[in-house]
Every structure is written in structure tokens, then in C-alpha cells.
Amino acid sequence: MHRGRYFEDFHVGDTVETAGITVSESQMLDFAAMYDPQPFHVDALAAMESPFGGIIASGFQTLSLTFRLVCDTGLLSGTGLGSGGGDTLRWHRPVFPGDTLRVSLEVIEVRPSKSKADCGNVRIKYTTINQANETVMSVIFHHLIRRREPDTTMV
């Protein structure tokens with residue numbers, strides 16, 4: 001199994017690109033029926049009359065797919081210890097059936113944990129992009145990442 005990057009392996013400015021995933025209308029309908037049943041996500045006729053002109057993916061599905069693509073890179077595999085949350089979540093453009101999404105990651109902050117010797121904090125900007133190279137979503141996540149060796153200078 002691929003091991004993710006340790007805290008010491010992250011540097012401000014590092015970038016990672018994920019593979020892509022194409023989202024089908026049936027996937028959108030299934031997700032929305034379960035988690036976000038707004039008319040423009042689940043009803044083709046209502047969606048046609050919406051500002052979007054058709055079915056679109058739930059933003060929460062876009063967020064979930066984004067994180068799935070990040071997990072598939074192996075970047076956090078075995079070293080990611082969770083997240084304290086995200087900042088500045090924005091849905092810039094709708095995701096339509098047949099769109100192919102990929103994620104561009106950029107490390108924007110790396111700082112040792114003040115309370116845990118065995119990990120550090122890494123802030124990563126996620127930018128989700130469609131096949132036309134348009135940004136559809138962005139968010140900054142705060143990841144807790146395992147250190148290769150605990151910080152022995154902590155008192």
C-alpha cells in the first residue's frame with residue numbers, strides 16, 4: 001500500500017494534480033436524492049426552469065468527489081490524521097452531467113503542532129477544475145499529518 005507524505009515532506013508551494021473523474025447524471029440524481037434533494041438536483045423539468053438550465057451536481061457531491069480524488073493520489077494514505085475543517089469553500093460554477101473533474105492541490109502553510117509532538121498542520125488549497133479548465137470549486141483544508149519522527153524539542 002502506498003504511504004502518504006509525512007509532515008516533513010510538505011513544503012509551501014508544493015503542488016499535486018489528481019486524475020480525473022467523469023460524473024454521470026445518474027450519479028448526480030442518486031447522490032441528490034439521498035443528501036441534497038433540491039429540485040435542480042433531482043427533477044429534470046424543474047432543473048430546466050432553474051438558472052442552471054438542467055440538472056447539476058450538488059455542491060456537496062462535488063466536495064465529496066474532490067476529496068475522493070485527493071485520497072486516490074495516496075498523498076494522505078497512512079499519514080493523514082484527519083482535518084480540523086476547511087475555510088473559504090466556494091462553488092464557482094455548476095457541475096453538469098458528463099463533466100470531468102480533477103483537482104489541483106497547493107500547499108499554502110506548513111507548521112508544527114503546538115500540542116502534539118507526533119504531527120504537524122498542513123494547509124492545502126484544493127481547486128476543482130472541469131474539462132474546460134474552469135474552476136468549479138475551491139476550499140482550503142487544514143490537515144493534521146503524521147511526522148516521520150516525533151518532535152523531541154517539545155516540552
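User: Let's start with the largest cavity. How much space lies in it?

Analyst: About 30 Å³ in this predicted model. As for the count, the structure holds one cavity of 30 Å³ or more.

User: Okay, and which residues line the largest cavity?

Analyst: Going along the chain, you'll find R5, D14, T15, V16, L75, L105, E106, V107 and I124 in the lining. Sorted by class, that's five nonpolar, one polar and three charged residues.

User: Which element gives the largest share of that lining?

Analyst: That's β4, with three residues. Two strands, β1 (15-17) and β4 (100-112), each supply at least two residues of the lining.

User: Now the helices. How is a packed pair described?

Analyst: You give the angle between the two axes, plus the distance between those axes. Here, take α1 (residues 25-35) and α4 (residues 59-73): their axes come within 10 Å and cross at roughly 110°. Since angles from 65 to 115 degrees count as roughly perpendicular, α1 is therefore roughly perpendicular to α4.

User: Is the crossing of α1 and α4 left-handed or right-handed?

Analyst: Right-handed.

User: And which residues in α1 and α4 meet?

Analyst: On the α1 side, look at Q27, M28 and F31; on the α4 side, F60, Q61 and S64. By class, the contact of α1 with α4 has three nonpolar and three polar residues, with no charged ones.

Methods: Residues are numbered from 1 along each chain as its sequence is written. This is a predicted model: local features need pLDDT of at least 70, side-chain atom pairs count only at pLDDT 80 or more; totals for chains, interfaces and linings use all residues. Side-chain values use heavy atoms; hydrogens and water are left out. On a 1 Å grid over the protein atoms alone, a cavity is a set of points where a 1.4 Å probe fits but cannot get out, and a pocket is an open set with protein on both sides within 12 Å along at least five of seven lines; lining residues have an atom within 4 Å of a point. Grid points are joined across faces, edges and corners, and a volume is the space filled by probe spheres set on the points. Helices (H or I, at least four residues) and strands (E, at least two) are DSSP runs, numbered from the N terminus. Ala, Val, Leu, Ile, Met, Phe, Trp, Tyr, Cys and Pro count as nonpolar, Asp, Glu, Lys and Arg as charged, and the others, Gly among them, as polar. Axes are lines fitted to C-alpha atoms, for helices over the stretch in contact, and angles run from 0 to 180 degrees between N-to-C directions. Angles under 35 degrees count as roughly parallel, over 145 as roughly antiparallel, 65 to 115 as roughly perpendicular and the rest as oblique. A crossing is left-handed if the near helix is turned anticlockwise from the far one by less than a right angle, and right-handed if clockwise. Contact means heavy atoms within 4.5 Å.
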